[in-house]
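Hi,

Here is the structure I promised to pass on. Have a look at it, then read my notes below.

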Amino acid sequence: MEQLQNDLFLRACKRLPVERTPIWIMRQAGRYLPEYRAVRAKADFLTMCKTPELAAEVTIQPVDIIGVDAAIIFSDILVIPEAMGMSLQMHEGRGPVFDTPVRTEEQAGKLKKIDPYDDLKYVLDAISLTKKELNGRVPLIGFSGAPWTLLTYMVEGQGSKTFSNVKKLIYNNPELAHKLLDKLTDAVADYLSAQIEAGANAVQIFDTWAGILSPRDYLIFALKYVNQLIDKIKRNDEPIIYFPKGVHYRMRTTADCGADVIGIDWTIDMAKARDKIGSKVAIQGNLDPTVLYAEPGFIRREAKKVLESYGEGSGHIFNLGHGILPDVDPSHAKALVDFVKEKSGKYHTNKQKV
Ligand code: CP3
């Protein structure tokens with residue numbers, strides 16, 4: 001077995017005793033870091049994703065600069081639709097765009113079945129290289145978009161306010177929606193299994209757009225496929241984190257999906273989340289990302305509230321409730337990480353499994 005110098009994150013995922021609460025930050029490898037922007041000035045975003053040396057370099061930056069307890073491989077959720085044959089453009093300021101979204105049977109029929117060892121080999125190579133360069137300092141997290149969130153992007157073609165196109169699809173042609181979700185579930189399962197084989201110590205499933213569904217549709221179009229997906233992922237004991245953003249009304253059912261950890265956003269009270277699901281799964285979150293705009297004293301007070309709200313014992317992975325924003329001062333992110341490292345020990349004096 002691999003020897004990690006810092007395995008706090010992995011132990012907390014399994015709700016095993018820890019000396020202090022581990023912390024990492026969603027989107028921690030990104031534009032708020034000048035060191036990231038310096039690499040990005042030399043290569044466009046997709047080139048960075050597809051060049052293992054560059055991906056490994058920016059993956060490790062927040063470990064060195066901010067001091068987080070886990071690295072997350074630099075990539076994007078949209079590499080799967082791209083590998084299926086959709087042409088992906090990254091527009092400055094506008095975000096990712098698929099020129100030809102998938103909205104008809106015919107377009108869906110053209111999507112190819114992916115082989116991650118071939119079509120997404122560059123991600124697996126980036127994982128192996130990053131593991132080598134990390135040299136056991138912290139665990140490495142792999143990730144994918146959840147089937148529902150990937151479908152949303154593929155049908156909308158870009159970010160959306162109303163999600164009209166994907167809603168038209170699920171209400172007017174649910175058969176096609178389910179067919180696509182089935183196909184995506186298989187692709188994501190193969191992809192995450194391959195990431196684990198390449199060395200990922202844990203994997204996170206991002207369901208960024210889960211919260212645009214009604215509570216009932218969330219079960220039918222999002223959670224059902226996450227259940228199947230988790231069943232299909234080949235792993236030893238690598239933890240799985242499921243992050244369905246905006247789904248506070250379905251905490252209990254969500255906790256039964258088979259994941260070891262549920263990620264929550266900042267609209268849910270941490271104590272309430274723990275009360276509902278803390279006996280089944282670990283919880284990741286949930287500081288409002290915009291708190292990092294405030295001065296460090298304020299950040300520390302808000303971070304303390306999150307730690308206190310979770311309370312005593314293991315099973316908490318500190319994170320933001322969504323990704324770090326690109327205009328955050330890196331010293332503020334560092335202040336947060338330092339605070340959690342210095343002050344969370346007192347919640348772990350009684351080294352019992354929760
Ligand atoms: O967490 C990490 O540091 C790992 C890297 C990572 C990126 N994207 C890098 C990225 C991860 C985990 C993602 C996931 C992702 N990508 C999600 C799910 C998480 C979330 O935030 O909800 C989603 C919805 C995407 C799709 C995506 N990719 C969008 C909407 C954008 C544009 C908006 C933005 O933040 O710029 C991207 C581009 C992207 N992905 C960037 C980075 C660092 C910015 C690209 C650049 O440097 O110009």
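What follows is a short tour of the ligand site, the core and some aromatic pairs.

A word on the basis: this is a predicted model, where local features need pLDDT of at least 70, side-chain atom pairs count only at pLDDT 80 or more, and totals for chains, interfaces and linings use all residues. Residues are numbered from 1 along each chain as its sequence is written, and side-chain values use heavy atoms, with hydrogens and water left out.

Ligand first. It is surrounded by 22 residues (a heavy atom within 4 Å of it), and Arg31, Tyr36, Asp76, Thr208 and His322 are the closest. A polar side-chain atom of Arg31 sits 2.6 Å from a ligand oxygen atom, and an N or O atom in the His322 side chain is also 2.6 Å from an oxygen atom of the ligand. For Asp76, an N or O side-chain atom lies 2.7 Å from a ligand nitrogen atom.

Now the core. The largest nonpolar core (buried Ala, Val, Leu, Ile, Met, Phe, Trp, Tyr and Cys residues joined through side-chain atoms within 4.5 Å; buried is under 20% relative accessible area, 1.4 Å probe, protein chains only) has 133 residues, and Phe9 and Leu336 touch the most other members. Helix 11 (residues 174-198) gives the most, 11 residues (helices are DSSP runs of H or I, at least four residues; strands are E, at least two).

Finally, there are eight aromatic pairs (ring centres of Phe, Tyr or Trp, its six-membered ring, within 6.5 Å; planes over 60 degrees apart are edge-to-face). Phe143 and Phe206 are edge-to-face, because their centres are 5.5 Å apart and their planes at 85°.

Cheers

Technical notes
Buried means under 20% relative accessible area, exposed over 50%, partly exposed in between (1.4 Å probe, protein chains only). A polar contact is a pair of N or O atoms within 3.5 Å; within protein, one must be able to donate a hydrogen and the other to accept it, and residues adjacent in sequence count only if both atoms are side-chain atoms. Rings of Phe, Tyr and Trp (its six-membered ring) pair if their centres lie within 6.5 Å; planes under 30 degrees apart count as stacked, over 60 as edge-to-face and the rest as tilted.
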